[in-house]
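Hi,

Here is the structure I said I would pass along. Have a look at it first, and my notes follow below.

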Amino acid sequence: MRSGVEPGVEATDVIRDPAKWDGRAVIRLTTTSAGRTSSDSVTLGDAPLLTQHHLQ
């Protein structure tokens with residue numbers, strides 16, 4: 001990869017129904033150079049929603 005590339009993933013909503021989606025996403029990067037392909041993956045989990053209460 002070229003210098004300066006910054007891949008990113010952004011979550012813009014909360015998990016409303018864990019039966020439909022458990023909050024995990026698999027990110028896979030595959031590169032090919034000189035006829036050789038390399039691949040790697042990582043599993044990310046969505047952080048739980050934390051709220052504040054003014055009496056805490």
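Let's start with the charged pair: aspartate 22 and arginine 24 bring their side chains together in a salt bridge, at 3.5 Å from N to O. Keep in mind that this is a predicted model. The count of salt bridges in the structure is 1.

How accessible are the two partners? Aspartate 22 has 48% relative accessibility, so it goes down as partly exposed. Arginine 24 comes out at 54%, and since exposed means over 50%, arginine 24 counts as exposed.

A little earlier in the chain is lysine 20, which sits in the segment before strand E1 (24-33). Its relative accessibility is 73%, so lysine 20 is another exposed residue. If you want a distance to check in your viewer, try lysine 20 to valine 42: their C-alpha atoms are 21 Å apart, with the two positions 22 residues apart along the chain.

Valine 42 also turns up in the other thing I wanted to show you. Together with Val9, Ile27 and Leu44, Val42 makes up a nonpolar patch on the surface. The accessible area of these four residues adds up to about 320 Å².

One member of that patch, leucine 44, belongs to strand E2, which covers residues 36-45. Leucine 44 has a relative accessibility of 37%, so it is classed as partly exposed.

That's what I have for now. Shout if anything looks odd on your side.

Cheers

Terms used: Residues are numbered from 1 along each chain as its sequence is written. This is a predicted model: local features need pLDDT of at least 70, side-chain atom pairs count only at pLDDT 80 or more; totals for chains, interfaces and linings use all residues. Side-chain values use heavy atoms; hydrogens and water are left out. Helices (H or I, at least four residues) and strands (E, at least two) are DSSP runs, numbered from the N terminus. Buried means under 20% relative accessible area, exposed over 50%, partly exposed in between (1.4 Å probe, protein chains only). Patches are made of residues with over 30% relative accessible area and no salt bridge: like charges are joined within 9 Å, nonpolar side chains (Val, Leu, Ile, Met, Phe, Trp, Tyr) within 5 Å. Accessible areas come from the Shrake-Rupley method with a 1.4 Å probe; for residues, only the protein chains shown count as cover.
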